[in-house]
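Student: I'm new to this one. Could you pick a single part and walk me through it closely?

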Amino acid sequence: MRATISLCFLTFISLSGYTQNPGNDKSWILDNSVSDDFSGITIDQAKWDYHPPWSTCHGESCLTTDSSNRKVENGVLKLIVRKQTCTCIDWDGTTHNKNYTSGAIFSKSTFKYGYFEIRCRIPELKNSYFTGKGFGPNFWMWPSLDWKSTYPSVEWSEIDIYEFDAETNLHTCNVHYKDTSMLYKWELRSYPDPYDFTVDFSSYHTFGCEWTPSYINFYIDDKLIRSTNTPYAENLIPMNIWVDINVPATNFNKNFVPNSLFPYTYEIDYVRIYNLQMDCNTVVNQSNINFSTFNYAVKKSITISNSTIPFYNKVTLRATDFVQINGEFTVPLGSEFAIVPTPCF
């Protein structure tokens, strides 16, 4: 059984309930040069630093290079918080004594636009004596400290793909932007927020963020949970990726208690970065398209006719100017189809 659409002209419609993330949309391509499946015996230092270049202090913890705070085992990166005294160096050169050590990774590459995804797990403690209170695992983006030389008007640029309250497994996703030409703008407000979510960490989950010049989407397990068409999506500057733990989770107003779990282990299966393929000068005008071999890069325009989506396939067409469908166009039951207007970037 199949459904048939016969249209003379169709511009930018969606016939699907799925979302345009890399698992569903062949327009995305994995960037292996910056993605990491942690298949080695330690982190890849061509891709990651142990801490941002300006400081080894992070909240009330020291970000260490010690293997007791960061391990790669069986394809999983483990970032570990321990209760132990340490000394760190802050951005201004001052030293501070802290009571906790922690592991983190900070990307050496910066990014503007793309799809950013992590598969991870934090301790599931609901039926345990121990609590995650005081811990705040994160996956977020923030620029290197020297951005002011290139973007002097920008005072704040940040995307929080998630920030967790590890006591309740409640998380929030946020976009923050501020520059000297406008008032302080928190786009998607921080905790507490009606759009916060709770995640069951009895197993691994994936979290993703699609960043384009016109909108930012957030995903859990390939499902769209939040979207913003904020005008600040384009104003945000190139940023690095952070994977770390707030110690303590003061962003959720949480401090440690006597039964907070130490050592606390944040497990990351992979971090993947995808880019949209761009072929924006190409005009497609074709009948009987073979969608199995079609080049799904963003085109200038697409005009198709007398074509059928393969059974149980998900097809997304992207173009800068228009997508036009002439004649019979068939989407079989079980298949999904979307058209997404996409600028070149």
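Tutor: Sure, let's zoom in on Trp147. Keep in mind that this is a predicted model. With a relative accessible area of 10%, Trp147 is under the 20% cut-off, so it counts as buried. Where does Trp147 sit along the chain? You'll find it in the loop between β11 and β12. Leaving aside residues up to four places away in sequence, Trp147 touches Trp142, Val154, Glu155, Trp156 and Ile237. There's also a long-range neighbour to look at: Pro238 is 91 residues away along the chain, yet its C-alpha atom is 8.8 Å from that of Trp147.

Now follow the strands on either side of that loop, because there's a pocket to see. β11 (136–142) and β12 (154–165) each supply at least two residues to the lining of the largest pocket, and β12 gives the most, with four residues. The pocket holds about 610 Å³ of space and is lined by 30 residues, with Trp140 and Glu158 among those nearest its centre. By type, the lining splits into 14 nonpolar, ten polar and six charged residues.

One last stop on β12 is Asp165, whose side chain meets that of Lys254 in a salt bridge, 2.5 Å from N to O. Lys254 lies in the loop between β19 and β20 and Asp165 in β12, so the pair ties together parts that are 89 residues apart in sequence. Both partners are tucked away: Asp165 is buried at 0% relative accessible area, and Lys254 counts as buried at 12%.

Definitions and conventions
Residues numbered from 1 in each chain as written. Predicted model: local features only at pLDDT ≥ 70, side-chain atom pairs only at ≥ 80, totals over all residues. Heavy atoms only, no water. 1 Å grid on protein atoms, 1.4 Å probe; cavity = no way out; pocket = protein on both sides within 12 Å on 5 of 7 lines; lining within 4 Å. Points joined across faces, edges and corners; volume = space filled by probe spheres on them. Nonpolar A, V, L, I, M, F, W, Y, C, P; charged D, E, K, R; others polar. Buried < 20%, exposed > 50% of the residue type's maximum accessible area, 1.4 Å probe, protein only. Contact = heavy atoms within 4.5 Å. Salt bridge = Lys/Arg side-chain N within 4 Å of Asp/Glu carboxyl O.
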